[in-house]
Amino acid sequence: MKKITGWLAMLACASVLSACGGGGGSAGANSNGVAPSKAASVVLTASATTIASSGLDGTEVTLTAIVRDAGGNALPNETVNFSASSGTVSSTNRVTNASGQVVEKLSVKGDSTPRTITISASAANGAVKSSELSVAVITAVPSLTLTTDSGTLASVGTAGNEVNVVALVRDSNNTVMAGVTVDLKADSGSLSLTNRVSNAQGIVTEKLGTGGDPTSRAIKITASAPGAAPVTAIVNVAGNKLTINAQPTINVGASADVTVKLVDSAGNGLSGKTVTYSSNSNGLAVKGGGAAVTNSAGQLVLSYTASSGSSDLITVKAAGETNSVSIAINSSSFAVKVLDAGGNAESSAFIGGCQRIAVTGGPVPTPPDTASVTISSSRGVVYSDPGCTSPLSTTLPLAGGAATAYVNATGPGVATITAAATGGLTTQTDLEFVAPLTNTATVTIQADPAVIGVNSPGSTSQQATLRAVVRDGTVQNNVVKNATVAFSIQSDATAGTLTQPAVVVTGVDGAATVSFIAGPNQSGLDAVKIQAKIIGGSGASAVASLTVAQKSLFISAGTGSTVGQSGTAAYQLDYVVLVTDAAGNAVSGVKLTASVLPVTYFKGFMKYTLPLGPWEPVQHVGCANEDINRDGILNPGEDLNGNGVLDPGIPVTVTTNITTDAKGQAIVSLVYPRDRANWLDVNLTVRGQANGSESSYTGLVHLPGLGIDYATQAIQPPGVSSPYGISTLCSNPN
């Protein structure tokens, strides 16, 4: 009986050989030796149930297919095929990713017929199919609405002061349209560039800034989209303030200062801005000559001369602002002058002397009234005695309309002396104090630039300016005006020349300049020697060295709007560096080195800007780099916040030792931790050298973050609180 049972078992095993482990091939493989697909389901979704019949770029519908196994797990590396009754489905990568997804786009370009398109997706060689879905081809024409959260943009132009620009896309039924590409343009200022495709609410949001231009003006923003009529909105840059400070009354024949000041919406002086000015009746000019532009404090001083008339109107314009002020012209002979020892009017005097001030033509009232005058000077001290020992602290009586005072200054410069008499009369005069040329006078000389190229025959384009400065050699080290300086070439193998004349008198800044014109030959390093020698006084001299090389380099750099990723914890910001010669030709083979130096770090925190985001700093307190001498060592007095380290350190790496290509270009990359974005400003410096010529570029970089990291309210971005703390005080370590 046991034998019969064993025989039956063998027979059964033979009839089902594979179940007993016999036969060829491997377990789990089909006849071709390929593992069969485990796909059990395909789910197909579309980003919209309608598609515009226009077929324009940006109107496509996104199709997403997800492949899962019997347990509901996403399957990677599965091939997916799409079937559509009409239209075209893109074919980029039909293999599922790690999430089991394949994403393609449905387009109706070339066929505007209204219809319904049915689409399905399949896997496992068609064995597993999705349910069909439908997309209706409609004649929807998008319409745009463009709005801003403010009609005014603050001229200060700092982060956080931008205007939000919102474009809304809808169809003819006022249903919002997602996935539409919107083009935004502004005729001035600057627009941020994040995501110009409408979201689920049909909205595209950007920020409008001044673009670094504080000029008061109207900025026109235009939005357009495929098939939609363009729409516009206007935002006015405002907040600048232009003021005029002038005396209300000026005598005929007298001159007076008119001070113009231009500030932005935050009260900061706007420097380097052109000012136009005019008066209805009399002369108005820039005091001391020069260009009519504001200085570092946003000021420009004009000189007004009252020649005739009874009244005048002064008008000034700058940075889109206009202001006017009225001046009354008085026919009185009231005047103030500075007199020398012989009683002659003088316009300049040496510092350290005591100069007499004479007031004449003042009011002579009938007793018992009295008349007096107040005398002041914008430089030095006004005294009551001829020895200049007793400062004048009160008004002076006008005896027969006249009064006398004295003035002295210890440093060079122009003093504006003002006399203001009873009854509102005012008059002014200028006295320039200069330092005398002494036997201890010194001279220094500098060449700018210190490296220039050779000149081809007949050319003079390659020049260096030699600037000599003469000082009096005293403790104050005052600059000396009207000193004579002789320039001469001491050593030069290039066959270069000096511009003529080579003997120059110093100006108000104590400086005398000539230019060195390079010859056709190269020099050694610092081999060209040019001397500046004082004629008279101490006879001191100094020598400047410069180099004439084959090619002069110019380096510039810039970046785009895209921030990259470096691993999972760092951002990468790429700069393109351009190197040209003096003629603008690309220079290849230039060895570049780059470095970064933190300038400012910021304390604060971010919040999500409702309703559409993104996350932005709402507290942003700037603190200077604690490493004052930039030596990387914690020295006494440098640890301002008392946390025992130098903040912010240097949490940035930069590409070094690169060479420009045939186009004169190279890429420099900054890599920094994600939590430092928005909280650190650095100076990027790129230096280059070729054929003995060298140059450098330095630019301020505000380290940005990746837009997608700040877009979702539910997900906190890296550095939501500054890694340097959230206190509003730089002296606080928190």
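## Arg 676 and its partners

A polar contact of 3.2 Å links the side chains of Arg 676 and Tyr 724. The model is predicted. Arg 676 lies in a loop, with strand E51 (665-673) before it and strand E52 (680-690) after it.

Which residues does Arg 676 touch, leaving aside those up to four places away in sequence? They are Pro 651, Pro 723 and Tyr 724. Tyr 724 thus appears twice: as a touching residue and as the partner in the polar contact.

## Asp 709

Asp 709 sits in the segment that follows strand E53 (693-702). Is Asp 709 buried or exposed? The relative accessible area of Asp 709 is 18%. Buried means under 20%, so Asp 709 counts as buried.

Residues up to four places away in sequence are again set aside for the contacts of Asp 709. Asp 709 then touches Tyr 571, Arg 674, Pro 717 and Pro 718.

## The second largest pocket

The second largest pocket has a volume of about 430 Å³. Its lining is made up of 23 residues. Closest to the centre are Ala 48, Thr 50, Met 177, Ala 178 and Gly 179.

Which elements give two or more residues to this lining? They are strand E2 (50-52) and strand E3 (61-68). E2 gives the most, with 3 residues.

By residue class, the lining of the second largest pocket holds 12 nonpolar residues. A further 8 are polar, and 3 are charged.

## The whole chain

The protein chain has 1 helix and 53 strands. Why is the chain described as more spread out than a compact globule? Its radius of gyration is 39 Å. The globule rule gives 27 Å for 734 residues, and the chain is well over that value, so it is more spread out than a compact globule.

The box filled by the C-alpha atoms is roughly 155 × 65 × 60 Å along the principal axes. Of the 734 residues, 40% count as buried; Asp 709 is one of the buried residues.

Contacts across the sequence complete the description. Take the contacts in the chain with a separation of 6 or more. Residues 24 or more positions apart account for 61% of them.

Notes. Residues are numbered from 1 along each chain as its sequence is written. This is a predicted model: local features need pLDDT of at least 70, side-chain atom pairs count only at pLDDT 80 or more; totals for chains, interfaces and linings use all residues. Side-chain values use heavy atoms; hydrogens and water are left out. Helices (H or I, at least four residues) and strands (E, at least two) are DSSP runs, numbered from the N terminus. A polar contact is a pair of N or O atoms within 3.5 Å; within protein, one must be able to donate a hydrogen and the other to accept it, and residues adjacent in sequence count only if both atoms are side-chain atoms. Contact means heavy atoms within 4.5 Å. On a 1 Å grid over the protein atoms alone, a cavity is a set of points where a 1.4 Å probe fits but cannot get out, and a pocket is an open set with protein on both sides within 12 Å along at least five of seven lines; lining residues have an atom within 4 Å of a point. Grid points are joined across faces, edges and corners, and a volume is the space filled by probe spheres set on the points. Ala, Val, Leu, Ile, Met, Phe, Trp, Tyr, Cys and Pro count as nonpolar, Asp, Glu, Lys and Arg as charged, and the others, Gly among them, as polar. The radius of gyration is taken over C-alpha atoms; the globule rule is 2.2 Å times the number of residues to the power 0.38. Buried means under 20% relative accessible area, exposed over 50%, partly exposed in between (1.4 Å probe, protein chains only).
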